[in-house]
Structure formats: C-alpha cells, structure tokens
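Colleague: I would like to practise reading a protein–DNA model with you. Could we go feature by feature, with the general idea and then the case at hand?

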Protein chains: 2
Amino acid sequence: MTNMASGNTIAQVASLIGDAARANMLAALMGGQALTAGELARHAGVTAATASGHLAKLADAELLAVEKQGRHRYYRLATAEIAHAIHALMAVAAAGPKRHHPVGPRDEALRLARTCYDHMAGRLAIAVADSLHVGGHVTLSDGAGLVTEEGWRFLRSFGIALEPDAGTRRPLCRTCLDWSERRPHLAGRLGTALLDRVLDLGWVARQPETRALRITRAGEAGFTATFGLPASWWIAPQRHPGPAA
Amino acid sequence: MTNMASGNTIAQVASLIGDAARANMLAALMGGQALTAGELARHAGVTAATASGHLAKLADAELLAVEKQGRHRYYRLATAEIAHAIHALMAVAAAGPKRHHPVGPRDEALRLARTCYDHMAGRLAIAVADSLHVGGHVTLSDGAGLVTEEGWRFLRSFGIALEPDAGTRRPLCRTCLDWSERRPHLAGRLGTALLDRVLDLGWVARQPETRALRITRAGEAGFTATFGLPASWWIAPQRHPGPAA
DNA sequence: CCGACGCTTCGGCTCCGGCCGAAACAACCG
DNA sequence: CGGTTGTTTCGGCCGGAGCCGAAGCGTCGG
C-alpha cells in the first residue's frame, strides 16, 4: 500500500518485471486487454494468493492500473511506455544466440497475427505495413514512419481519420520491430487506429486467453482487396518472407 | 500455462537488470564507452569481488561484451538493443509525476550535454535537433525522423556522409525522448554520426567517470555558427526551452 | 438470508542470491 | 625474479522475497 510510485528507480522497475510469474502476467497483458486477477494467476502458473501479492506490487509501482468491476478486478498495463519497455526486453530476450524455437501450432497462430498492446503484430501486420509502404501511403524508411498526402486520403477512405496533431504527444506513426519476424510493423496512433478499424470491420477477432488474432473470412477478402495480399498468402503464408523485398 | 517461454526469458533479462548494483553498472555503460571492472565496481558502490560476480553474469547472458586488454577487462553493452531496453526502463522509472529532483551541479552538467550510448542527449542535443528541424533539414514530426534533400546537402557540408541505405538494418534517423528534458533528440545512425563529428571537431569532449560532455570554446563558436544557437544560450541555457521557441 | 465465487490478508516455510574478506591468478614493472 | 595492481574464485553469512494453505472480506445469485 505504500505508494512509492514517484521514486522508482530503473532497478526497481526491472526487478518487478524480473520475476517469472510477474513477467508472464505482463506478457499476457501485452495483448492490450484488461484481465482479471484469476486469469493472470493462471497465466503465471501460481495460486490466487501468490498472484494477488504480485499484482499488488505491480499496481503499487504503477506499472499496472486496476479497475474494480463487481467482484472482479481488471488489471491492465498502466501506460504505453511500460508496454514499450516490455517490448524492448522481449527483443533482447529473443535476440539470444539462435535459440531454435520449438514452434508449436500455438506459436504458429501468434506468428501469423496477434496484438501487441494496442496494435497488430505478426506476419499479417507486416504484410499490411509493406502494402502501405509500396503503395506510397507511408514511408517506412529508416525505421521511422511518416504518412504521405496520398496516404491520408487512402486511410480516410478506409475509415480512419486521425488528426495530424492531436494534442497528445504520442507519435502518430511509429514502427515497431516485430518480435517473431524481425521486420517492422506499424505502431503509434496509426497502429492503434488500424487495429481498431479491422476489429470493427470484423476482419479479425480477438481470441480468449491468448494474444492471437483470428482472421475471419471477411478478413481474408478484405485484406486481399484493400491491401493487395495475394490469394496465395492465405494458403501458405511464407515462413520467412525474406527481408529482401 | 500460456507461452511461458517468452515470459521466462524476459524475466531472466529483467532480473539481471533488476539489481541495484548491476543497474548502476549498466547505466554507467550507457555512456557508450567501455569501462573496466574496477571502474564499474566504483560506479556500483560494491567491492571488486562483488562486481566481478555481477559482470560475469551479465557477460554470460550476453548483455555485456568483454574485451581483455592487458590486466584490464573492458566491458561494454553488447548490442544497441540492450541500450534501447535500458533506455525504455529509464523512461518508465522516470515517469513518476514530477518529483522535483534535488539538482546537484553534477546533474546540471548531465542535463546540459551528455552521451546516450552512441549519440548526444541533453539540452545541447535538443537544440541541435531543433535547429535541424526549423532549418528544414530533418522532419521530426510524430516522433519519427526523416532527412530531407536539403538536409543531406547540409550534412555533407558539415562533414557527415551517410549512405541512405547502408547494408545495416539500423534506423538512419530515430528520435529518442530525452530523459531529463522530455523532448526528442536525434538518435539512430545520424545521431551517432553527429556525435562522432562533433567529437572529431573538438567541439565537445568526453569527461572521465561520467557521461557528461564538456563543450569547448571551439564548440561554443561552432554550434553557434553552424546550428544558430543564440549567444545568450551559452550564458543562461534556458531551464525549459519550451517546444515553441 | 445463505452458499458460491473472486480476491486479499496472514503466518510460516524455504531458498535464492547479494555481500564481503581472504586467497588465488594474471599481467605489468622494477 | 619479488612487488604491485587488477580481477576472479571460494566460503560463509544473512536478509529478502516467493510460495502456499487457511482464513477473512466483498459481491453476486437464489
């Protein structure tokens, strides 16, 4: 209860993340949805009692925000910066010397399409980013993103209207290095808007208990028509699309 | 038991960073220079024996790279990704609302100009970024950076020649949110090139035992002439330059 | 009301991991 | 060659933190 949020040091933050149970909880929350204490306990593989302690610490340090709803308590990552830090740690962790990953079907679904806090990731997200890039709608050069005039028109026609300079300081269009594919996808406010829009259109659907996104029939048609993914893409999503491009 | 593989590895990395002594060492290495075990021990405030253990762990996990030189062992951050992760953690740790820091003269020097792994940070770096921005040499909109045609010419005349698409995947021009000032400065390959160039020109000099950069006489003249900093800047560097300016 | 359920608090156990001093290596320096 | 300095290894101490079961609160539902 001792809210010491103002005096956090880097070591304190890192050591909060640096416990297996808590890291699993945080990773689960990277899906962007708020989860209950019980769900998080299951994700972490500990009892409710243990999980409660962990969650109290994380909330106390303001890494998590909590919302009471009836007899449930919903936890979510408190800020986008925290998601960013966890993402950066994932990148470091995944960078290890060629851990040959035993890829299960479960991982396969995650690699295809998943949420990354508030935007899409995985092969689908990369394909969308590539499509916008080669279409001249955004420039992805240099790991940074910038929407072109043409791009604004295209996005509006797709149902996305962002104010170029909404009051927020939050970057409009960032690129985010994909954890599984090692290629950039779109993040920032644009990334959020894209995810919202394709969820709205019913092109993808969130899956319970996982960060994976299911691509619907409508989605297959929609992504093909709007972002020009070849029909073959849906049959044999290339294992390693190759950075060549 | 959801993908606990990723969680576990994250936890390992984070818990390595999540110790006060190790975090201090890593923070010291954010200056971008390699340091000896003894120097790092002093930075961490522990004995050589303790430091040695910590360094062995960090090197073992490949967060640090080590180089033997005579009877010294020089440690440095192993990759830019690791620097990035630490930076992200710093951002989270510093995010606590406005605890007014008791600013010592030491901090003051750091706020004025310092290195951030491989590029400049602090008020000087922000002034340079602002200058390049208002001069139309780079666009900083949206937290992303992009060099203009005009910008390339300017940089060449300043002695910086970067290949637009060198083989590396590393972003050419990123922006990095300044830890102390909360405004963006230039990172990426361009940021590195700028730091190298101003060190080469003798405009700034590294200080021993700290990340601070000392601005030389030549530097004052140079920055004023090339980046149009007003003479008043050197006398009373404004506390909060304000984004408008 | 009363039971079921979700979550937290409490008490106690265990063990991991940081810390140090002393001693062992290793490299340079007379 | 010893002596000095930088670094690692060893052994032992100790505190902190994670874990659980049981019990205590709230909240929902009948």
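**Reading the model together**

Colleague: Which side chain has an N or O atom 3.4 Å from a base oxygen of DNA strand D?

Modeller: That is A:Arg71, whose side chain places an N or O atom 3.4 Å from the base oxygen. Please keep in mind that this is a predicted model.

Colleague: Which side chains have a polar atom placed by a phosphate oxygen of DNA strand D?

Modeller: There is one from each chain to look at here. In chain A, a polar side-chain atom of A:Thr50 is 2.8 Å from a phosphate oxygen of DNA strand D. In chain B, B:Ser52 has a polar side-chain atom 2.9 Å from a phosphate oxygen of that strand. Counting the atoms of DNA strand D within 4 Å of the protein, 75% are sugar or phosphate atoms, and the rest belong to bases.

Colleague: Which residues come nearest to DNA strand D, and how many surround the strand?

Modeller: There are 20 residues around the strand, and A:Arg22, A:Thr50, A:His54, A:Lys57 and B:Gly38 come nearest. Sorted by class, this surface has 8 polar, 6 charged and 6 nonpolar residues.

Colleague: Which elements supply at least two residues each?

Modeller: In chain A it is α4 (48–60), and in chain B they are α3 (37–44), α4 (48–60) and β3 (72–77). The largest share, 4 residues, is from α4(A).

Colleague: Let's turn to the backbone. How should I read a positive phi?

Modeller: Start from the usual case: most residues other than glycine have a negative phi. Here B:Glu62, which is not a glycine, has a positive phi of about 65°. B:Glu62 sits in the loop between α4 and β2 (64–69) of chain B. B:Tyr117 is another non-glycine residue with a positive phi, near 60°, and its place is the loop between β4 (114–116) and β5 (119–121) of chain B.

Colleague: Why does B:Tyr117 count as buried or exposed, and how does B:Glu62 compare with the cut-offs?

Modeller: B:Tyr117 counts as buried because its relative accessibility is 18%, under the 20% limit. B:Glu62 has 46% and therefore counts as partly exposed.

Colleague: How do I approach the protein interior?

Modeller: The general idea is that nonpolar side chains in soluble globular proteins tend to be buried together. The largest nonpolar core here has 72 residues, and those touching the most other members are A:Ile17, A:Leu77, A:Ile86, A:Leu89, B:Leu77 and B:Leu89. Leaving aside residues up to four places away in sequence, A:Ile86 touches A:Ile17, A:Leu26, A:Met30, A:Leu77 and B:Ile10.

Colleague: And aromatic rings?

Modeller: A ring pair is described by the distance of the centres and the angle of the planes. Over all chains, a search of the structure finds 10 aromatic pairs. In one of them, A:Phe158 and A:Trp203 have ring centres 5.6 Å apart and planes at 50°, so the pair is tilted. A:Phe158 is in helix α8 (residues 149–158) and A:Trp203 in the loop between α9 (188–200) and β10 (204–206) of chain A, so parts 45 residues apart in sequence are tied together. Both residues, A:Phe158 and A:Trp203, are buried.

Colleague: How are the rings of B:Trp203 and B:Phe223 arranged?

Modeller: Their centres are 5.0 Å apart and their planes at 65°, so this pair is edge-to-face. It links distant parts of the chain, with B:Phe223 in helix α10 (residues 217–227) of chain B, 20 residues from B:Trp203. B:Trp203 is buried at 10% relative accessible area, and B:Phe223 is buried at 0%.

Methods: Residues are numbered from 1 along each chain as its sequence is written. Chains are lettered from A and ligands numbered from 1 in the order in which they are written. This is a predicted model: local features need pLDDT of at least 70, side-chain atom pairs count only at pLDDT 80 or more; totals for chains, interfaces and linings use all residues. Side-chain values use heavy atoms; hydrogens and water are left out. A residue is near a molecule or strand if one of its heavy atoms lies within 4 Å of it. A polar contact is a pair of N or O atoms within 3.5 Å; within protein, one must be able to donate a hydrogen and the other to accept it, and residues adjacent in sequence count only if both atoms are side-chain atoms. Ala, Val, Leu, Ile, Met, Phe, Trp, Tyr, Cys and Pro count as nonpolar, Asp, Glu, Lys and Arg as charged, and the others, Gly among them, as polar. Buried means under 20% relative accessible area, exposed over 50%, partly exposed in between (1.4 Å probe, protein chains only). A nonpolar core is a set of buried Ala, Val, Leu, Ile, Met, Phe, Trp, Tyr and Cys residues joined through side-chain atoms within 4.5 Å. Contact means heavy atoms within 4.5 Å. Rings of Phe, Tyr and Trp (its six-membered ring) pair if their centres lie within 6.5 Å; planes under 30 degrees apart count as stacked, over 60 as edge-to-face and the rest as tilted.
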